[in-house]
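The following exercises introduce a protein structure step by step. Please study the sequence and the model before reading each solution.

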Amino acid sequence: MGHTDAVVVRALLDRRLVACGTILPAARSLYRWEDKLADETEVVVMLKTRSGAIHGLERAFKELHPYKVPELLAVPVTGGLERYLGWINSETSLTIV
């Protein structure tokens, strides 16, 4: 996403769809796209939210992300520090879509 990554994360934070976005630069992705092998350097962004905000996050992500087929995966959290999970919940409980 280049510099767009921070713009997208900030927009998601403004809408309270995520509590945090961690930007990890220089990931290498190898994949097949339109019958060709691609080898690209990409940015990985980990977005922390609650399950109740996923559908709004999906809609906003499609709207904000410049890729034709952006990657957005939901990974369930089965545990964590109670105070951290509570913070995520409180930050995303006033979702603005």
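**Exercise 1. Strand pairing**

Determine which residue in E2 stands opposite threonine 22, and describe how the two strands are joined.

Solution. The model is a predicted one. Threonine 22 stands opposite methionine 46 in E2. Next, consider the strands themselves: E1 covers residues 20–33 and E2 covers residues 36–48. The two strands run antiparallel and are joined by twelve bridges. Another residue to examine is alanine 27, whose bridge partner in E2 is glutamate 42. Finally, turn to the connection: E1 and E2 form a hairpin, with two residues between them. In this turn, glutamate 34 has a positive phi of about 50°.

**Exercise 2. The two sides of a helix**

Identify the buried residues of helix H2 and explain how they are arranged around its axis.

Solution. Helix H2 spans residues 54–64, and its buried residues include Gly56, Leu57, Ala60 and Phe61. Viewed down the axis of H2, the buried residues fall within an arc of 130°, so they line one face of the helix. On the other side of H2, the residues His55, Lys62 and Glu63 are exposed. As a last step, ask what covers the buried residues of H2: the cover includes helix H1 (4–14) and E2.

**Exercise 3. The surroundings of aspartate 5**

Decide whether aspartate 5 is buried or exposed, and list the residues that it touches beyond its sequence neighbours.

Solution. Aspartate 5 has its place in helix H1. The relative accessibility of aspartate 5 is 8%, and buried means under 20%, so this residue counts as buried. Leaving aside residues up to four places away in sequence, aspartate 5 touches Ile23, Val43 and Val45. A further distance concerns proline 66, which is 61 residues from aspartate 5 along the chain. The C-alpha atoms of these two residues are separated by 9.9 Å.

**Exercise 4. An aromatic pair**

Locate the one aromatic pair of the structure and characterise its geometry.

Solution. The structure holds one aromatic pair. Its members are tyrosine 84 and tryptophan 87, with 5.5 Å centre to centre and 40° between the planes. This pair is tilted. Both residues lie in helix H3 (residues 82–92), three residues apart, or about one turn of the helix. In general, an α-helix has 3.6 residues a turn, so residues three or four places apart point the same way. With regard to accessibility, tyrosine 84 counts as partly exposed at 37%, and tryptophan 87 counts as partly exposed at 33%.

Conventions:
Residues are numbered from 1 along each chain as its sequence is written. This is a predicted model: local features need pLDDT of at least 70, side-chain atom pairs count only at pLDDT 80 or more; totals for chains, interfaces and linings use all residues. Side-chain values use heavy atoms; hydrogens and water are left out. Rings of Phe, Tyr and Trp (its six-membered ring) pair if their centres lie within 6.5 Å; planes under 30 degrees apart count as stacked, over 60 as edge-to-face and the rest as tilted. Helices (H or I, at least four residues) and strands (E, at least two) are DSSP runs, numbered from the N terminus. Buried means under 20% relative accessible area, exposed over 50%, partly exposed in between (1.4 Å probe, protein chains only). Two strands pair if DSSP finds at least two bridges between them. The arc is that of the directions from the helix axis to the C-beta atoms. Contact means heavy atoms within 4.5 Å.
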